[in-house]
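Student: Got a minute to go through this one with me? I'd like to start with the helices and then jump around.

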Amino acid sequence: MPSSTPLFSILILTYNNLQYLEGALESVYNQDYPNIEVIVSDDASKSFPDAVYKTMVDKRPSTIKSMKLIRHPVNLGMVRNLNNAIKESSGDYFMPLAVDDLLYDGSVLSKIVTYFKANDEISIASGYVEVFSEDMTKSIQVNPKPEDIEYLRAGGDKLFQRLCNKCFISGAACPSRRSLLDKVGYYDERYRNAEDYPRFLSLSRMGIPIGFIDTKLIKYRLGGISTTSRPGPAICQDLVVMFGQDVLPYLHRFDRNKVYAYQRFFYYISHLNLNEKKIFGYFINITLWYSFRLLNRLIWTLRPRIK
């Protein structure tokens, strides 16, 4: 008989921003959910605060049933670090937590479990993220917006169409059932740092629903590599490849959104270090391929008129 309080694994991913570790752990310790596992997975940080971690382990409350520290000797990137943390976890549910973010309040995990229990068909969900300044003193905005939530609830092709233009689902607030891994596997390791966007595109194309939990799940701190206002080269490199593999080949299904999505592709290109000759060459190939497809469709569109 399933437990009424299944184990929930929180996966805290760290890399060189360990001044926030204590705060992230405190936000987990403050949860009222009684059955939690914590995995801290460090991706080869220059210096890990062993004393701080040991102190936090010693002071963990009874709700934390186990804690595990993983320290990678070489930097793997966000995607492989996350996959390894998932493999080391045991929970029926799991949720990544960036070390510089916080669970919104003490009831977050209880609300997530209640939602999953009430929605058997949902294997992955998202919720509201409140974005704060880097010092966490100023609230900037709450995502996603109401119009985006409607696409999320619609799912399928409508959601994929919206995601081709922008990723409005936050990977910072995305709990999953472990059973989702049986359907789609782990995160795509063709990418180094973009773990969430390719995942959402793939799920929506497959028709797997992404639920929405109508509550704030995360306090998100601006300043990471995926900050949406101006993404850096590290994340853009992944996004260029993603657009070539997971967006552009499918845009013929959604005529209205082609131009905007292609403009976004060029936007990510503009933020790359063009010394990355392999990526730039890939961009040229994709540009030629996509231009050919547009020309071919134009010819077939005008063909009846030419006759």
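**Helix 9 and beyond**

Tutor: Helix 9 bends by about 25 degrees at Val241. Keep in mind that this is a predicted model.

Student: What end-to-end span should helix 9 have, and what does the model give?

Tutor: Helix 9 covers residues 233-247, which is 15 residues. At 1.5 Å a residue, the expected span is 21 Å. The end C-alpha atoms are 19 Å apart, which agrees.

Student: Is helix 9 largely enclosed or largely open?

Tutor: Largely enclosed by the rest of the structure, because eleven of its 15 residues are buried.

Student: Which ones are buried?

Tutor: Ile235, Cys236, Asp238, Leu239, Val240, Val241, Met242, Phe243, Gly244, Asp246 and Val247. So the bend residue, Val241, is on the buried list.

Student: Asp238 is in there. What touches Asp238 from elsewhere in the chain?

Tutor: Arg192 is in contact with Asp238. Leaving aside neighbours within four places in sequence, Arg192 also contacts Asn75, Leu76, Gly77, Met78 and Val79.

Student: Where does Arg192 sit?

Tutor: In the loop between helix 7 (180-184) and helix 8 (196-206). Arg192 is partly exposed, with a relative accessible area of 39%.

Student: And how far is Arg192 from Met78?

Tutor: Their C-alpha atoms are separated by 6.0 Å. Along the chain, the two residues are 114 residues apart.

Student: What share of the contacts is long-range like that, 24 or more positions apart?

Tutor: Counting contacts with a separation of 6 or more, 80% are between residues 24 or more positions apart.

Student: Zoom out, then. How many helices and strands are there?

Tutor: Eleven helices and nine strands in the protein chain. The chain has 307 residues, and buried residues make up 50% of them.

Student: Let's do strands. Is strand 1 buried or exposed?

Tutor: Strand 1 is residues 8-14, and seven of the seven are buried, so it is largely enclosed by the rest of the structure.

Student: Which residues sit on which side?

Tutor: Phe8, Ile10, Ile12 and Thr14 are on one side. Ser9, Leu11 and Leu13 are on the other. Both faces are covered. In a regular strand, side chains alternate between the two faces of the sheet.

Student: Which strands pair with strand 1?

Tutor: Strand 2 (residues 36-42) pairs with strand 1 in the parallel sense, over seven bridges. Strand 4 (residues 93-98) also pairs with strand 1 in the parallel sense, over six bridges.

Student: Which residues are the bridge partners of Ile12 and Ile10?

Tutor: Ile12 has Val40 of strand 2 as its bridge partner. For Ile10, the partner in strand 4 is Met95.

Student: What about strand 2 and strand 3?

Tutor: They pair in the parallel sense over seven bridges. The chain gets from strand 2 to strand 3 through helix 2, and this β-α-β crossover is right-handed.

Student: Which hand does the unit of strand 1, helix 1 and strand 2 have?

Tutor: Right-handed as well. Helix 1 is residues 21-29.

Student: What covers the buried residues of helix 1?

Tutor: The cover includes strand 1, strand 2, helix 2 (50-58), strand 3 (64-71), strand 4 and strand 5 (102-103). The buried residues of helix 1 are Leu21, Ala24, Leu25, Ser27, Val28 and Tyr29.

Student: New topic: backbone oddities. Which peptide bond is cis?

Tutor: The one joining Asn143 and Pro144, with omega about 0 degrees. Pro144 is in the loop between strand 7 (139-143) and helix 5 (146-154). Most peptide bonds are trans, and most residues other than glycine have a negative phi.

Student: Which residues have a positive phi without being glycine?

Tutor: Among them are Asn16, at about 60 degrees, and Met136, at about 65 degrees. Asn16 is in the loop between strand 1 and helix 1. At 36% relative accessibility, Asn16 is partly exposed. Met136 is in the loop between strand 6 (124-132) and strand 7.

Student: Last one. How many disulfides?

Tutor: Zero, with sulfur atoms within 2.5 Å as the cut-off.

Student: Why is Cys174 not bonded to Cys167?

Tutor: Their sulfurs are 8.9 Å apart, too far for a bond, and Cys167 holds the closest cysteine sulfur to that of Cys174. Cys174 is buried, at 3% relative accessibility. Cys164 is buried too, at 0%.

Technical notes: Residues are numbered from 1 along each chain as its sequence is written. This is a predicted model: local features need pLDDT of at least 70, side-chain atom pairs count only at pLDDT 80 or more; totals for chains, interfaces and linings use all residues. Side-chain values use heavy atoms; hydrogens and water are left out. Buried means under 20% relative accessible area, exposed over 50%, partly exposed in between (1.4 Å probe, protein chains only). Helices (H or I, at least four residues) and strands (E, at least two) are DSSP runs, numbered from the N terminus. Two strands pair if DSSP finds at least two bridges between them. A crossover is right-handed if, with the strands pointing away from the viewer, the path from the first strand over the helix to the second runs clockwise. The expected span of a helix is 1.5 Å times one less than its number of residues. The bend at a residue is the angle between axes fitted to the seven residues ending there and the seven starting there. Contact means heavy atoms within 4.5 Å.
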